[in-house]
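Subject: Structure handover

Hello,

Here is the structure I promised to pass on. Please open it first, then read my notes below.

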Amino acid sequence: MAEIKINNMVKFYTLCLLSTDSKHGYDLIKELEKKLGRKISASNVYPFLSTLRKNKLIKFDKVGKRDKKTYHLTPDGKNFTKQMFSKFGDLINIAIEPRITACPCGCKIYSGGYTKKIKGKIMKFCCSHCAKEYK
Ligand SMILES: [Zn+2]
């Protein structure tokens with residue numbers, strides 16, 4: 001697998017956007033600007049696209065008279081993107097894990113839950129039933 005570092009949001013979103021659909025370079029830049037809320041220049045994007053192409057992760061087709069290129073992921077590119085998503089997924093799990101509390105029943109409480117004061121101590125449960133059963 002190619003050694004490509006996804007070390008900024010432009011690269012990350014470029015792969016996200018290409019994983020959903022093939023894109024013209026121009027549309028890609030416009031969508032990146034919308035996602036990141038700032039101006040993106042061609043020089044932010046094209047060197048990365050050319051790295052991806054050299055590693056055979058993307059291909060492009062020339063369409064139309066104005067030589068507009070449409071970029072799309074190759075099967076290798078799709079695999080690479082999938083791995084990237086699962087790596088980021090793990091990072092997100094690490095980031096949220098300390099904030100997850102567990103109910104005495106063993107359920108993990110990601111958000112909400114049911115809070116009850118028991119013997120002067122605030123306890124968190126996944127639901128009111130667990131709170132009622134807790135002694
Ligand atoms: Zn519970």
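The sulfur of C107 has its closest cysteine sulfur in C105, 3.6 Å away. That is too far for a bond, because a disulfide needs the two sulfur atoms within 2.5 Å. The structure holds zero disulfides. Keep in mind that this is a predicted model. C107 is partly exposed, at 34% relative accessibility. C105 is partly exposed too, at 46%.

So what does C105 bind? Its SG atom coordinates the zinc ion, along with the SG atoms of C103, C126 and C130, at 2.3 Å. The site is tetrahedral, with angles of 105 to 114° among the four donor atoms. For reference, the ideal angle for four tetrahedral donors is 109.5 degrees. The donor residues follow the spacing C-x1-C-x20-C-x3-C in sequence. C103 sits in the loop between β4 (101-102) and β5 (108-109), and C126 in the loop between β7 (121-125) and α5 (128-133), so this pair ties together parts 23 residues apart in sequence. C103 is buried at 4% relative accessibility. C126 is partly exposed at 27%.

Next, the domains. The protein chain is divided into domain 1 (9-97) and domain 2 (100-133). Their C-alpha centres lie 42 Å apart.

Then the salt bridges. The whole structure has four. Here are three of them:

- K108 and E97 meet at 3.4 Å, N to O. K108 lies in strand β5 and E97 in the loop between α4 and β4, so the pair links parts eleven residues apart in sequence. K108 is partly exposed at 47% relative accessibility, and E97 is partly exposed at 40%.
- K30 and E33 meet at 3.2 Å, N to O. They are three residues apart in helix α2 (residues 25-36), so about one helical turn separates them. K30 is partly exposed at 36% relative accessibility, whereas E33 is buried at 13%.
- E31 and K23 meet at 3.6 Å, N to O. E31 is partly exposed, with a relative accessible area of 25%. K23 is buried at 9%.

One last residue: is T81 buried or exposed? T81 is buried, with a relative accessible area of 2%. T81 belongs to helix α4 (residues 75-96). Beyond its neighbours within four places in sequence, T81 is in contact with L15, S19 and L73.

Best wishes

Notes: Residues are numbered from 1 along each chain as its sequence is written. This is a predicted model: local features need pLDDT of at least 70, side-chain atom pairs count only at pLDDT 80 or more; totals for chains, interfaces and linings use all residues. Side-chain values use heavy atoms; hydrogens and water are left out. Helices (H or I, at least four residues) and strands (E, at least two) are DSSP runs, numbered from the N terminus. Buried means under 20% relative accessible area, exposed over 50%, partly exposed in between (1.4 Å probe, protein chains only). Contact means heavy atoms within 4.5 Å. Domain bounds come from an automatic or database domain assignment. Donors are N, O and S atoms within 2.8 Å of the metal (3.2 Å for Na, K and Ca); water is not among the atoms, so sites may look incomplete. Four donors count as tetrahedral if all angles lie between 85 and 135 degrees; four count as square planar and six as octahedral if opposite donors are over 155 degrees apart and all others between 65 and 115; anything else is irregular. A salt bridge is a side-chain nitrogen of Lys or Arg within 4 Å of a carboxyl oxygen of Asp or Glu.
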